[in-house]
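Subject: Structure handover

Hello,

Here is the structure I promised to pass on. Please open it alongside this message.

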Amino acid sequence: MTLTTRNIHARIGKKEILHGIDFTARAGEITAIVGPNGSGKSTLLKAITDEVDFTGEVILNGRNTAKMKPWELAAMRGVLPQSTTLAFPFTVIEVVRMGLMAGASGERADIPSRALAAVGLDGYSGRFYQELSGGEQQRAQLARVLCQVWHPVVDGAPRWLLLDEPVASLDIGHQLLVMRLMKDYASRGGGVVAVMHDLNLSAMFADQMAIIMSGTLLTSGPPDTVIQNDILSKAYGCSLTVNTAPEEGQSFLLPHLAMHN
Ligand SMILES: Nc1ncnc2c1ncn2[C@@H]1O[C@H](COP(=O)(O)OP(=O)(O)OP(=O)(O)O)[C@@H](O)[C@H]1O
Ligand SMILES: [Mg+2]
């Protein structure tokens with residue numbers, strides 16, 4: 001089962017932001033979407049979730065999403081936006097329960113507290129969301145999304161986590177926690193699509209990577225084929241060197257320091 005886009009052209013106002021994107025993510029895998037600021041990564045996620053004007057098709061588990069009902073979509077995929085503001089003083093558990101209410105009905109009532117524990121926010125239920133730190137708020141939002149699609153597979157069909165920069169404001173320990181959580185979701189048959197800026201974490205955890213540059217798909221494939229000096233230097237407009245960690249054989253990136261004359 002896949003999440004596929006066909007020839008997505010997205011526009012915001014009069015400006016075309018995406019110029020014909022064919023993108024595929026497979027269930028059971030983490031697909032990382034990377035690329036420079038302003039290249040269209042969030043817009044691609046918004047096209048997939050129908051939050052922006054677009055032409056083309058989005059096919060989720062073999063069905064055109066334009067023909068699916070909102071409740072069917074909500075039961076199949078949870079979406080973490082790049083930033084979230086809340087106007088009212090909700091407690092953490094109230095925020096997380098919103099995910100349970102958005103998803104399929106009949107889910108167990110203990111899922112919100114399990115989701116909070118999964119993101120390392122055990123004991124935060126009664127705290128006010130607005131009084132959490134940036135990284136804690138980000139993890140509370142992730143718990144909300146997890147709640148919505150808690151079981152990675154339902155009636156044989158994968159569910160999807162669509163995450164816009166899920167680890168952006170997290171420390172390295174919590175980045176690893178969230179990446180492992182995503183890996184676990186995928187290993188149990190769910191699909192995970194995550195916009196990422198950390199190329200090293202992407203190389204370490206993603207099964208597939210897609211680079212978006214200037215509203216087009218520059219390249220996609222397994223991390224080994226994407227984490228290449230020439231491809232990344234072109235995408236990011238700076239000089240980068242790919243190295244290999246001696247023991248793990250893991251690819252990692254270092255930026256070149258500017259040389260002094
Ligand atoms: N509401 C908006 N109005 C006008 N232009 C917008 C709007 N939202 C995004 N854009 C433009 O669309 C382009 C793509 O934005 P998008 O948010 O998809 O980038 P991104 O790849 O997610 O970047 P980042 O890494 O900074 O999050 C940018 O040029 C941006 O300025
Ligand atoms: Mg973005």
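Below are my notes, taken sheet by sheet, then the helices, then the ligand.

Keep in mind that this is a predicted model.

**The four-stranded sheet**

Start with the open sheet of four strands. Its order is β2-β1-β4-β5, and the pairing is antiparallel. The edges are β2 (15-26) and β5 (63-64), each of which pairs on one side only.

β1 and β2 are antiparallel and share nine bridges. Two positions help to set the register. Leu3 sits opposite Ala25 of β2. Thr5 sits opposite Phe23 of β2. The hairpin of β1 and β2 has two residues between the strands, and Gly13 there has a positive phi near 60°.

Turn to the other neighbour of β1 in the order β2-β1-β4-β5. Strand β1 (residues 2-12) is joined to strand β4 (residues 53-60) by seven bridges, again antiparallel. Arg6 has Glu57 of β4 as its bridge partner. For Arg11, the partner in β4 is Asp53.

**The six-stranded sheet**

There is also an open sheet of six strands. The order is β6-β9-β10-β3-β11-β12, with mixed pairing. Here β6 (77-80) and β12 (216-221) are the edge strands, each paired on one side only. From one strand to the next, the twist averages 15°.

Strand β3 (residues 30-34) runs parallel to strand β11 (residues 208-213), and four bridges join them. To find the register, look for Ile33, which stands opposite Ala210 of β11. Helix α5 packs on this sheet. It touches β6 and β9 (160-164), and its direction makes about 170° with that of β6.

**Three helices in mutual contact**

Next come α3, α4 and α5. Take the pairs one at a time.

*α3 and α5.* Helix α3 (residues 92-102) and helix α5 (residues 134-148) have axes that come within 6 Å and cross at roughly 25°. An angle under 35 degrees counts as roughly parallel, so α3 and α5 are roughly parallel to each other. The crossing is right-handed. On the α3 side, the contact uses Val92, Val95, Val96, Met98, Gly99, Leu100 and Ala102. On the α5 side, it uses Ala140, Ala143, Arg144, Val145, Leu146, Cys147 and Gln148. By class, that contact has eleven nonpolar, two polar and one charged residues.

*α3 and α4.* The angle between α3 and helix α4 (residues 111-118) is about 110°, and their axes are 9 Å apart. The range for roughly perpendicular is 65 to 115 degrees, so α3 and α4 are roughly perpendicular to each other. α3 passes α4 in a right-handed crossing too. From α3, the contact takes Val92, Ile93, Val96, Arg97 and Leu100. From α4, it takes Ile111, Pro112, Ala115 and Leu116. The classes are eight nonpolar, no polar and one charged.

*α4 and α5.* These axes come within 9 Å and cross at roughly 135°. α4 and α5 are therefore oblique to each other. Their crossing is right-handed. α4 contributes Ile111, Pro112, Ala115, Leu116 and Ala118. α5 contributes Ala143, Leu146 and Cys147. This contact has eight nonpolar residues, no polar and no charged ones.

Some residues turn up in two of these contacts. Val92, Val96 and Leu100 of α3 serve in the contact with α5 and in the contact with α4. From α5, Ala143, Leu146 and Cys147 meet α3 and also α4.

**The ligand**

Last, ligand 1. Which residues surround ligand 1? They are Ile12, Gly13, Ile17, Gly35, Asn37, Gly38, Ser39, Gly40, Lys41, Ser42, Thr43 and Gln82. Helix α1 (residues 41-48) gives the largest share of this shell, with three residues. By class, the shell has two nonpolar, nine polar and one charged residues.

The ligand also leads back to the four-stranded sheet. Gly13 is part of the shell, and Gly13 is the residue with positive phi in the hairpin of β1 and β2.

Best wishes

Terms used: Residues numbered from 1 in each chain as written. Chains lettered and ligands numbered in written order. Predicted model: local features only at pLDDT ≥ 70, side-chain atom pairs only at ≥ 80, totals over all residues. Near = placed C-beta within 6 Å. Nonpolar A, V, L, I, M, F, W, Y, C, P; charged D, E, K, R; others polar. Pairing = 2+ DSSP bridges. Axes fitted to C-alpha atoms, helices over the stretch in contact; angles between N-to-C directions. Parallel < 35°, antiparallel > 145°, perpendicular 65-115°, else oblique. Left-handed = near helix turned anticlockwise from the far one by under 90°. Contact = placed C-beta atoms within 7 Å.
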